Each structure stands twice: as structure tokens, then as C-alpha cells.
Amino acid sequence: MRGFFGISADRPAAKAAACRSTPCFPASHAAVLLRIFRRVSPALETLLLPFSRGEIEIPQRALFLGAEPHPDLREWPAVTGWQPFFPLAEAWRKAGFPLTDEPAGSWPLVLLLPGKSKEEVLASFARAYDSLEEGGMLVVGMANTAGAARFEKEFAAASGGVASLQKNKCRAFHAAKSAAWNQALLAEWRELGKPRTLESTGFIVEAGIFSADHVDPGSALLAEHLPKNLKGAAADLGAGWGFLSRELLGKSPNLKSLDLFEADARALACAKKNLSGIATPLEFHWHDVAAGLPGKYEVIVMNPPFHTGQNTDISLGRAFLRSAADAMRTGGRLFMVANRQLPYEAELDALGLVWRKPVEDSTYKLLFAEKRLGPSKPVTFR
Ligand SMILES: C[S@@+](CC[C@H](N)C(=O)[O-])C[C@H]1O[C@@H](n2cnc3c(N)ncnc32)[C@H](O)[C@@H]1O
């Protein structure tokens with residue numbers, strides 16, 4: 001089986017099956033597992049409580065939508081995960097669990113850690129329901145700050161009844177598939193998960209991906225100020241559904257190639273559609289930019305993420321900058337946009353890039369940087 005964009009799901013499946021019967025992880029892998037399991041989220045802890053308390057029986061096989069690894073799951077007979085966000089998919093795979101890019105068939109149990117936006121959460125309820133066999137159990141885990149109470153009500157409206165527990169500032173709620181489910185509501189929610197065209201732009205987007213209902217104003221500002229006729233190999237880091245890539249190619253149609261790097265497989269699938277028919281050679285990478293880049297480039301564009309889950313995380317943007325600086329050829333140029341309060345300038349200095357700030361407004365700033373020849377003593381011009 002092939003995973004999202006060529007990630008193989010076979011190897012971890014086989015490894016997980018073997019490791020269930022024997023404790024087969026070498027010491028180095030044990031360290032990896034320790035790091036992975038240390039990051040278990042409160043929503044996941046809560047999701048698994050009905051099982052550790054014996055309220056729901058662990059079945060022979062289960063599907064986990066929005067899969068994240070937990071040590072308890074290693075005791076389960078078989079759990080297949082679906083996870084569109086690359087770093088989490090990697091953690092799941094490295095923990096030895098099988099990963100699928102397109103869940104199929106029907107399951108006696110579906111675990112669900114839904115996303116953030118309302119449309120995405122409701123669509124994931126419908127998707128999870130559709131993955132259940134008759135009588136199968138759907139169990140959802142959500143943080144209170146993500147709207148657990150509100151979404152539990154929506155869930156109950158569809159299922160006709162729900163059992164719920166609260167712990168760790170999260171909720172876990174569940175219901176079995178039965179004739180009582182409201183089919184009209186499920187049909188509405190199914191529609192919310194389908195790819196759709198962003199009005200007035202023609203771009204294809206999908207619920208749950210970044211900026212799914214409008215062009216991001218920061219990216220629009222960068223697109224407006226991108227120079228024309230750039231040359232060489234280009235990359236778009238955190239390419240989303242492809243807005244910046246398409247704008248870049250519109251202004252610089254003679255670029256040699258463009259690589260799009262994006263962690264959200266759903267966004268990348270939209271980007272593929274949004275850039276179809278373009279003559280420039282394109283490559284789409286389901287990839288964690290923070291882990292570095294496989295190529296070298298003359299041009300890099302980016303609007304780096306600055307959230308991990310619901311928290312502001314400047315370290316992610318800094319890691320994007322480091323990856324960009326490493327991947328720039330001498331003479332290579334970086335064009336980025338950021339919220340104006342995010343302190344990326346010091347990182348550009350530390351990386352030895354020459355930079356300037358051509359535009360700054362009340363919300364955003366553009367930072368344009370260059371990798372010059374010679375010792376990397378920072379020279380800043382504004
Ligand atoms: C601020 S958005 C910009 C999206 C797009 N370039 C645009 O202008 O509309 C940042 C993007 O980075 C992606 N992202 C987040 N973490 C990532 C990571 N570790 N590696 C690659 N992409 C990541 C997000 O999914 C999101 O699509």
C-alpha cells in the first residue's frame with residue numbers, strides 16, 4: 001500500500017504486527033518511542049479513558065482518524081491510523097503503527113481526534129460514522145478549548161444519544177451506529193468535507209486546511225510585492241493549497257522548477273489541482289519543512305506557520321528559516337511574509353543572511369533576504 005504522496009504504509013504495518021508478539025524495539029528505537037510518547041495530548045489521554053476503565057471493550061481491529069500514538073495502543077490487537085499532518089503521521093509510523101492514506105471498509109470501532117474548524121469537525125463526524133460497521137462504536141476526544149461541549153451537542157443531535165466523560169480539561173463522548181442516527185444531518189456534514197471552489201478565485205480548497213475560506217491577507221501582500229521574472233529553481237515552504245506558488249509562477253513563468261513543501265496532505269492535494277496545467281516542472285512534497293529540505297534553490301517563498309495546535313509557536317517559523325537558509329544557493333533569495341510582531345529578524349541575522357523589510361503595515365511585514373558569497377557576517381539593510 002502507498003501512503004500520501006508515496007509514503008509507504010506497508011513497512012510500519014508489518015513492523016507493528018511483529019512487535020505486538022515480541023518486545024522487538026532496539027535501544028535507539030526505545031529512545032525514539034520515549035520522545036514520541038512523552039508528547040501525548042490531553043485529548044488523546046481522555047479519548048482512551050473509556051477503554052482503560054473497561055467501559056468500552058477493545059475490539060480486534062480499530063480505525064483511528066486523526067491518529068496520534070499512545071503507549072496503551074501497543075496493547076491493542078490492531079489499530080490502523082489516518083493522519084494527514086506529516087509530523088504526526090511520522091510519529092504514528094515511528095511508533096510502529098500502520099498508517100493508511102484513505103481509510104476503507106467498515107470497522108467495529110472508530111477513534112476520532114477531530115481538527116479545529118467547525119466544518120472540519122462536523123465532516124469528520126460523518127466520515128467516522130461512514131467508516132463504522134452496523135453496531136460499531138464511534139469515540140471522540142476533544143479539548144474543552146476546542147469546543148468539546150458544543151461539538152458533543154452536535155454529535156448527540158446526530159446520534160440521538162451520547163455517553164460522555166470529562167477529564168484533563170477534555171471530553172470523550174461516544175455512541176454506537178444504529179438506526180437512530182439522523183441521516184439528513186449526516187448528509188449535510190458529509191458535504192462540508194468535500195473539496196470546493198473558493199468563490200471569486202477559482203482555487204480549490206477543503207475544510208480544515210489553512211485559510212480554507214479566503215486568500216490569506218499576508219500571502220496576498222507578499223504576492224503583490226514579489227519581483228517579476230525571477231530565475232532558477234524555486235521552492236514554496238508550507239505551500240498550503242498553492243496560492244503563493246501560483247502567484248509566483250504568474251510573475252516568473254520562466255522559473256526552472258518549483259517544489260511545493262507542505263505538511264497537510266489535504267492542502268497539498270488541493271495545491272496539485274490548483275496548479276494543474278502549468279508548464280513549469282512542479283514537485284509536490286508531503287514533508288516536514290522543519291526537518292530540512294532535500295534540494296537547493298535560487299528562490300524561496302514562504303508564509304511560515306506560527307501555530308502548533310492552538311498555541312503560538314515562533315520556533316516553527318524559526319525552523320522554517322533555518323531550512324530555507326540551508327537550502328538557498330549562494331545568491332539565492334528568500335521572500336517571506338510574517339505577522340509584524342514575530343521576531344524573525346534576529347534569526348535572519350544569526351543565519352548570516354542579508355535582509356531588508358520592504359513593506360510593513362499594521363499587521364504584516366515582508367522580509368526579503370539573500371545569501372551572499374563570503375564569510376557569513378550579517379549585513380542588514382532596511
Ligand atoms: C501560514 S500557512 C501558508 C499557506 C500558503 N503558503 C498560503 O500562503 O496560503 C502555513 C502552511 O504551513 C503548513 N505547515 C505547518 N507546519 C508545517 C511543517 N512542519 N512543514 C511543512 N508545512 C507545514 C500549514 O499546513 C500551512 O498550510
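Which residue of β10 is the bridge partner of Ala234? In this predicted model, the bridge partner of Ala234 is Leu258, and that pair belongs to a run of five bridges by which strand β9, residues 233–237, is joined to β10 in the parallel sense.

The pairing of β9 with β10 is part of an open sheet of seven strands, whose order is β11-β10-β9-β12-β15-β17-β16 and whose pairing is mixed. At its edges stand β11, residues 282–286, and β16, residues 354–360; each has a single partner strand, so one side of each is left without a neighbour in the sheet. From one strand to the next, the twist in this seven-stranded sheet averages 15°.

Strand β10 also leads to the ligand, because β10 (257–262) and helix α10 (243–251) each supply at least two residues of the shell around the ligand. The ligand is surrounded by 21 residues, and the closest are Phe210, Ser219, Gly238, Gly240 and Ala263. Divided by class, the residues of this shell are 11 nonpolar, six polar and four charged.

Helix α10 has a helical partner as well, for the axes of α10 and helix α9, which covers residues 217–225, come within 10 Å and cross at roughly 10°. With so small an angle between them, α9 and α10 are therefore roughly parallel to each other. On the α9 side the contact is made by Ser219, Leu222 and Ala223, and on the α10 side by Phe243, Leu244 and Glu247. By class, this contact has four nonpolar residues, one polar and one charged. Ser219 thus appears twice in the picture, both among the closest residues to the ligand and in the contact of α9 with α10.

A second open sheet is formed by six strands in the order β2-β1-β3-β4-β6-β5, again with mixed pairing. Here the edges are taken by β2, residues 79–82, and β5, residues 163–167, each with a single partner strand, so that one side of each is left without a neighbour in the sheet. The twist of this six-stranded sheet averages 15° from one strand to the next. Edge strand β5 pairs with β6, residues 170–176, in the antiparallel sense over five bridges, and in this pairing Gln166 stands opposite Arg171 in β6. Helix α7, residues 148–159, lies across β4 (132–143), β5 and β6, and runs at about 5° to β6.

Two packed helices are described by the angle between their axes and the distance between the axes. For helix α6, residues 118–130, and helix α8, residues 183–192, the angle is about 120° and the axes are 7 Å apart. The helices α6 and α8 are therefore oblique to each other, and their crossing is left-handed. From α6, the residues Glu119, Leu122, Ala123, Phe125, Ala126 and Tyr129 meet Leu186, Trp189, Arg190 and Leu192 of α8. By class, the contact of α6 with α8 has eight nonpolar residues, no polar ones and two charged ones.

Methods:
Residues are numbered from 1 along each chain as its sequence is written. This is a predicted model: local features need pLDDT of at least 70, side-chain atom pairs count only at pLDDT 80 or more; totals for chains, interfaces and linings use all residues. A residue is near a molecule or strand if its C-beta atom, placed from the backbone, lies within 6 Å of it. Helices (H or I, at least four residues) and strands (E, at least two) are DSSP runs, numbered from the N terminus. Ala, Val, Leu, Ile, Met, Phe, Trp, Tyr, Cys and Pro count as nonpolar, Asp, Glu, Lys and Arg as charged, and the others, Gly among them, as polar. Axes are lines fitted to C-alpha atoms, for helices over the stretch in contact, and angles run from 0 to 180 degrees between N-to-C directions. Angles under 35 degrees count as roughly parallel, over 145 as roughly antiparallel, 65 to 115 as roughly perpendicular and the rest as oblique. A crossing is left-handed if the near helix is turned anticlockwise from the far one by less than a right angle, and right-handed if clockwise. Two residues are in contact if their C-beta atoms, placed from the backbone, lie within 7 Å. Two strands pair if DSSP finds at least two bridges between them.
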